[in-house]
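Please open the structure in your viewer and keep the selection tool at hand. The tour goes from one selection to the next and says what to look for at each stop.

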Amino acid sequence: ATVAFNPLSRGGAAFISDNDLAHVIKAIDARAQQKGAPSVWATYGFARYDIYLPNLFRMLGIKALDGVHPYPQPKMWLKIDPGRKYREAWNRYAHVRFTLPQEPDSFAIDCLQVDLVLVQLHPGDARFKALGITHVMLLGDAAKFNGIRNLRRLASFSDKHIFEVIDPAAPSKD
């Protein structure tokens with residue numbers, strides 16, 4: 001019944017990895033691997049359901065900390081919640097989404113519904129650094145990341161913006 005429009009019957013799944021955004025993501029990861037470690041991504045969104053794009057990284061074979069977590073990830077969560085304050089929120093199957101908190105020094109992990117977990121974590125927060133995130137994709141207005149000193153924009157595709165996480169104290173390579 002879906003043969004006329006189902007992408008798997010109309011050219012396969014090549015559209016997932018054969019597009020400009022995927023090519024840039026794979027090139028960034030390849031450069032990171034050449035330096036000795038794969039890239040680690042987080043996607044920041046502001047709409048309630050900005051939960052789907054992070055799964056693109058997994059489909060490309062690249063590590064992302066958000067997206068679908070089919071089972072709990074205590075090793076990851078305990079890096080930012082060692083006291084297990086938010087255990088009830090993160091100890092589950094979930095669609096995980098990162099967003100900026102209202103205040104840069106605020107932090108929370110909220111279960112918005114049974115399978116939707118919102119991580120409010122500022123990229124300048126020490127907990128962000130503890131996760132080992134090397135790159136961030138921002139969905140929406142790039143101005144939301146203005147003034148965040150440890151992020152440098154690498155590319156933009158429509159409303160998707162790719163940032164590299166840098167050490168703001170390190171001298172610039174530019």
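Is F98 buried or exposed? Select F98 to begin, bearing in mind that this is a predicted model: F98 is buried, with a relative accessible area of 0%.

Now add Y44 to the selection, which is likewise buried, with a relative accessible area of 0%. A search of the whole structure finds 6 aromatic pairs, and Y44 and F98 form one of them, a tilted pair whose ring centres are 5.6 Å apart and whose planes stand at 40°. Colouring the strands helps at this point, because Y44 belongs to strand β1 (residues 40-44) and F98 to strand β4 (residues 94-99), so that the pair ties together parts that are 54 residues apart in sequence.

Keep Y44 selected and bring in F145, since these two rings form an edge-to-face pair, with 5.5 Å from centre to centre and 75° between the planes. Y44 is in strand β1 while F145 is in the loop between β7 (135-139) and β8, so this pair ties together parts that are 101 residues apart in sequence. F145 is buried, with a relative accessible area of 4%. To see the wider arrangement, add F163 as well: ring pairs link Y44, F98, F145 and F163 into a cluster.

Next, select K144 together with F46, where a charge meets a ring: K144 lies over the face of F46, at 4.7 Å from the ring centre.

The remaining stops are the salt bridges, of which the structure holds 3. Select E164 and R152, which form a salt bridge whose closest N and O atoms are 2.4 Å apart. This pair links distant parts of the chain, with E164 in strand β9 (residues 160-165) and R152 in strand β8 (residues 151-157), 12 residues apart. R152 is partly exposed, at a relative accessible area of 26%.

Move on to D159 and K160, whose side chains meet in a salt bridge at 3.1 Å, N to O. D159 counts as partly exposed at 36% relative accessibility, and K160 is also partly exposed, with a relative accessible area of 23%.

Finish with R127 and D125, where the closest N and O atoms of the salt bridge are 2.9 Å apart. Switching on a surface display lets you look at each partner in turn: R127 is partly exposed, with a relative accessible area of 28%, whereas D125 is buried, with a relative accessible area of 12%.

Technical notes
Residues are numbered from 1 along each chain as its sequence is written. This is a predicted model: local features need pLDDT of at least 70, side-chain atom pairs count only at pLDDT 80 or more; totals for chains, interfaces and linings use all residues. Side-chain values use heavy atoms; hydrogens and water are left out. A salt bridge is a side-chain nitrogen of Lys or Arg within 4 Å of a carboxyl oxygen of Asp or Glu. Buried means under 20% relative accessible area, exposed over 50%, partly exposed in between (1.4 Å probe, protein chains only). Helices (H or I, at least four residues) and strands (E, at least two) are DSSP runs, numbered from the N terminus. Rings of Phe, Tyr and Trp (its six-membered ring) pair if their centres lie within 6.5 Å; planes under 30 degrees apart count as stacked, over 60 as edge-to-face and the rest as tilted. A charge sits over a ring if NZ of Lys or CZ of Arg is within 6 Å of the ring centre and within 35 degrees of the ring normal.
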